[in-house]
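Got a few minutes to poke around a model? Grab a pen and work through the exercises below.

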Amino acid sequence: MRILLLSNRPRRMAQAGFVLPTTVLLVLMVVLTATALTYRTVNRSQMNIAQREQVRVANVAAPAIDRAKSKIEFIFTNDTRLTSGLPTPEVLASLMLATPYPDTVDQLVPGKDPFTLPGETRLDINNDGKLDNAWSFVDGNTGETVAYSILVEDKGLTAPTITVTSPVNIAKARALVTRTGPVAATSPSPVCSNARAEAGWQVVDSGSSSTLQKNFQINVFVPNASDVNRTLEAFEFQQSRIAERGNKWAAWFRYDLDISPGGAFTMNGAMHTDSNLLVSGPETNSKFEAFKISSEKSCVYGKEASEITVGVGTSTNTFEGQIVRGSVVTNAYDTTAATKAIFHIWAGDDKAPTVANLTTQNDSVNGGTPGDIAVNPIKLFTEDKLEPLGSGWSRDNAAWEANPIRNGGTNGAPRVFNRRMPKPFVDDLFRADNRWGPKPRYSETIASLDIANTSNKVGDPIDSSLELLNNAQLGLDGFWERQAIANGLRLVVGERLELGDPLRWNSTDAPDTPTNTNRLYPPNAAPRVPATGTPITIGTNEYRQKRSLRDNLAAVQGMVVYHYKINSGKFPAACVAFTSHPGTLNTIVNSRTFDSYPKLNTSTNIAIKTDFFNGVGTDGWEFAFPSTFNTPSGFATEIASNKPLGVALRNLARFAGDPKGGAPSFPAVQDSDIHPAPYFNMWGDFSTLRRVIESYDGMSSSLTAQQKYDALNAADQATLHSAACTVSMLAYNAYNDYLQATRDLEDYVPTGLNAYLNQVVSAIQDIAA
């Protein structure tokens, strides 16, 4: 047994020590595997935590984009400081700043910062000591701080060499210049390589320079407040705004655009009417052809550059403009040849346009007459509402939608279609008189700026609380006049005062001439043409309108010139003779002569000759107001009722001003008489002057002359200035004619009688005084 055990021992000894390494190796592998799995689990958990934190932070950052977009939207839809032109990047940035850049815009609300929303803090992101268009806020749900900015500049204000095309670096970021310009949706066209930007807005679309784009760059940064899982979120968003160039439109109508030519009539480019488009060819050789803006090889060629748009209503107005083959003039549809109404249609870049015709079979209406479809002009003018005059017609959508003019045909683009185009609400056609009208409303979105929502009439004073309308510089009522007072040049042409008709008075009229047919008195009837043979009677009203075409030489008219650097733009820098006579070549030449009264000239003074009674030297001379009222304070004193200037202005107002006239500057008077009355108006319509003087005289007697004058608005003050300019020039003319006549008389008076002549002259001077 022992021998057996001993014989097996070497084999067991050879296998001794194998279990321990194996066990160690196995344990090591288990530990490594467990460690790897644990590390992977921890790492994966951290990644998931960070990813969830990143998503949470991104969700917190997203509302900053919405805040920035709402501020940009407010600028273009509600900010009354935005004018109808293209705003420069400096202006766009100033609109959002708490303190706008100098010489750009005023604060929207003086002393307040409406672009900083509740809970937001405005930031200085470029460390220049000035607050920028950047804000931060704390998210109410997570407690995270969100910072965002809106950049719009295309070149640095303090570093003008840094532009949008400069390399992206720290200097460009600190200059607050956008990283890039607007992003093009199409490849640049080689024919548009010379297309130029305008006021910081850039041409982007291929093949079209009729539209411009300006990009707003929004940057958002959110640092995670957690000390354990520190996460950052930063991203950039761009929004581009599109603007139509002012030179895009060949025609822009608020009322019906009725094209019914007598011969061949062509028009290039884009057109718009807020009402209806009516086209016809009423005569044998008449036709209308709407060409594209230019050749298909041109840089300006594109579908937007030649679109023809017709009005469409709003949520409160269901009006829809119609495209009609017919005319309101004849009040009939045009069933003549289809080739009398031709439209060229965009077929693609660098491709010749296709051609389609508008007929009564493929226009947008059925039934009724063009007169029924036409927009009511009274509603449009007095209430700014679009509605048709009649009924009995309907929209023919099936025929119109199938028309290539509407759908563009195969691979083309629509040429004529309905689209609502924004119209400028700046009251650039009338005076800064702080009175309602002539526009019935100044905004489509602000109800308080619509006269229909008030108890006022056109011509009534605007309540002083409506700062949007009567702000001294930015009020929408007479906006451009306010801007000219504050920043530019203002030219106000006064009313023309007729001085009689010496060439016709006391003369014998030709046979068959109606009574009262001279240049001043309104005619009683229409003449017959010719006077003998078979007469053709001209319409009476038509003949009365011809009065405006007659050029009466005996007249005086002045223009007052203002500059914002002289008397703050509120008192004239000069009075200019502005009485032109374009009736014939001789009369226009005579009105521009620059002669003098030879017998009144001295070695130190030349007596300028202006003869308003005969139309000689009446256009172009510059005068200064007399020294007694050549300053604002002097003028305020001299327009009092007991002063010579005040007496002259009141006499003029009562002589040629209807006390019930002056509309729309003042409320219109509707009664059985015509206003302004023809026998006032024939001398010139000084009704507004009369109403202004009545307003001045109606002020409290406790006010001083200066206080009364200062209480008048800028337009009413200019009315007094222009009238004073006119009567002063007339007085100058009359006085110098009188002096010249006395010198002429001296040539024929014997020397011994000069003393008697001087007595006569003194007596005449006393009468004149």
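Here are four short exercises, each with a worked solution.

A word on ground rules: this is a predicted model, where local features need pLDDT of at least 70, side-chain atom pairs count only at pLDDT 80 or more, and totals for chains, interfaces and linings use all residues. Residues are numbered from 1 along each chain as its sequence is written, and side-chain values use heavy atoms, with hydrogens and water left out.

**Exercise 1.** Find Gly200 and work out whether it is buried or exposed.

Solution. Start with the location: Gly200 sits in the loop between α4 (170-174) and β4 (211-223). Helices (H or I, at least four residues) and strands (E, at least two) are DSSP runs, numbered from the N terminus. Next, accessibility: Gly200 has a relative accessibility of 16%, so it counts as buried (under 20% relative accessible area; exposed is over 50%, partly exposed in between, with a 1.4 Å probe and protein chains only). Finally, look for partners: leaving aside residues up to four places away in sequence, Gly200 touches Pro89, Asp154 and Lys214 (heavy atoms within 4.5 Å).

**Exercise 2.** Trace the open sheet of 4 strands and give its order.

Solution. Read across it and you get β6-β9-β12-β21, with parallel pairing; two strands pair if DSSP finds at least two bridges between them. At the edges are β6 (249-253) and β21 (416-418), each pairing on one side only. Now zoom in on one pair: β9 (residues 270-273) and β12 (residues 308-310) are joined by 3 bridges. Within that pair, His272 has Thr309 of β12 as its bridge partner.

**Exercise 3.** Which residues have the most contacts inside the largest nonpolar core?

Solution. That core has 40 residues, and the answer is Phe635, Leu649 and Leu720. A nonpolar core here is a set of buried Ala, Val, Leu, Ile, Met, Phe, Trp, Tyr and Cys residues joined through side-chain atoms within 4.5 Å. Then ask who contributes: α18 (714-746) is among the elements giving two or more residues, and its 8 residues are the largest share. As for Phe635, its contacts beyond four places in sequence include Phe571, Leu645, Tyr709 and Leu720.

**Exercise 4.** How many cavities of 30 Å³ or more does the structure hold?

Solution. Count them and you get 3. On a 1 Å grid over the protein atoms alone, a cavity is a set of points where a 1.4 Å probe fits but cannot get out. The largest has about 90 Å³ of space, and its lining includes Ala93, Tyr101, Asp132 and Glu153; lining residues have an atom within 4 Å of a point.

How values were computed. 1 Å grid on protein atoms, 1.4 Å probe; cavity = no way out; pocket = protein on both sides within 12 Å on 5 of 7 lines; lining within 4 Å. Points joined across faces, edges and corners; volume = space filled by probe spheres on them.
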